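Please open the model in your viewer with the cartoon displayed, and keep the sequence panel beside it. The tour below moves from one selection to the next and says what is to be found at each stop.

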Amino acid sequence: MKNRKRRVELIVDLIKNNCIGSQEELSRRLADNGYNVTQATLSRDLKMLKTTKVPTDRGTYMYILPDSNTIKDKLLASGQMAMSSAYQLGFMSITFSGNMAVIKTRNGYAAGMAYDIDVSNPPEIIGTIAGTDTVFAVLREDVTLDQAREVFARLLPLDEKIPLY
């Protein structure tokens, strides 16, 4: 049991401090640290930790942990880091209706984008709901369309080529 506890602690450390995109990569890193595990064991460990895969700025995916306190999360939350166009390659368009913003993404990018919007915690946005390729963002009642555009211009790679309705 001690071996499993140490292995799981190492998995948490590896995921928090590295961009790990596959079980194979994680398995290699564990083996480098003296833990040779089967794919089934690793899969059970990842499920128990409730890991998620999110898109990266390089067009690949990486594992994250729920309620992770990564440096990126802290920088986004403090406003010290903006989401760059390289980071949000999946962004397609944004449309406003009342106090709602509907953000279209490439397939599979919505959850990561919604997460980044929520972590950045702009006061004008109450929260988000993500599907596979769509993010619904609810704006405070008193936010004007111009204010909403300004907020999303800080969060998303808006330019002349991207539809903004």
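**The sheet and its helices**

Begin by selecting α5 together with the strands beneath the cursor's next stops: α5 lies across β3, β4, β5 and β6, and runs at about 165° to β5, where axes are lines fitted to C-alpha atoms, for helices over the stretch in contact, and angles run from 0 to 180 degrees between N-to-C directions. Add α6 to the selection, which packs on the sheet and touches β3, β4, β5 and β6, its direction making about 160° with that of β3; contact here means heavy atoms within 4.5 Å. The helices (H or I, at least four residues) and strands (E, at least two) are DSSP runs, numbered from the N terminus.

This is a predicted model, in which local features need pLDDT of at least 70 and side-chain atom pairs count only at pLDDT 80 or more, while totals for chains, interfaces and linings use all residues. Residues are numbered from 1 along each chain as its sequence is written, and side-chain values use heavy atoms, with hydrogens and water left out.

**Strand by strand**

Now hide the helices and look at the four strands, which form an open sheet in the order β3-β4-β6-β5 with antiparallel pairing; two strands pair if DSSP finds at least two bridges between them. Because β3 and β5 stand at the edges, each with a single partner strand, one side of each is left without a neighbour in the sheet. Neighbouring strands of this sheet are turned by 20° against each other on average, direction ignored.

Select residues 91-97 and 100-105, which are β3 and β4, two antiparallel strands joined by six bridges. At F91 you will find T105 of β4 standing opposite. The two strands form a hairpin with two residues between them, and G98 in the turn has a positive phi of about 60°. Next take β5 and β6, which also run antiparallel and are joined by five bridges; the bridge partner of G127 in β6 is V138. As you follow the side chains, keep in mind that in a regular strand they alternate between the two faces of the sheet.

**Back to α5 and α6**

Show residues 110-120 again: this is α5, a mostly covered helix in which eight of the 11 residues are buried, buried meaning under 20% relative accessible area, exposed over 50% and partly exposed in between (1.4 Å probe, protein chains only). Its buried residues are A110, G112, M113, A114, D116, I117, V119 and S120. The helix is followed by N121, whose phi is positive, near 55°.

Continue along the loop between α5 and β5 to E124, which is buried because its relative accessible area is 18%. Setting aside neighbours within four places in sequence, E124 is in contact with V138, L139, R140, V143, V151 and R154.

Then select residues 145-155, helix α6, where A148, V151, F152 and L155 are buried. Seen down the axis of α6, these residues fall within an arc of 90°, so they line one face of the helix; the arc is that of the directions from the helix axis to the C-beta atoms. They pack against β3, β4, α5, β5 and β6, whereas D146 and E150, on the other side of α6, are exposed.

**Towards the N terminus**

Move to α2 (residues 23-32) and α3 (residues 39-48), whose axes come within 11 Å and cross at roughly 100°. That makes α2 roughly perpendicular to α3, a term covering 65 to 115 degrees, with angles under 35 counted as roughly parallel, over 145 as roughly antiparallel and the rest as oblique. Display the side chains of Q23, L26, S27 and L30 in α2, which meet Q39, L42, S43 and L46 in α3.

Within α2, the buried residues are Q23, E25, L26 and L30. They cover an arc of only 160° around the axis, which puts them on the same side of α2, while the face turned away carries the exposed residues E24, R28 and D32. Just after α2, G34 takes a positive phi of about 90°.

For the last stop, select V12 in helix α1 (residues 2-17). Leaving aside neighbours within four places in sequence, V12 is in contact with L49 and L65; V12 and L49 are 37 residues apart in sequence and 8.1 Å apart in space, C-alpha to C-alpha.
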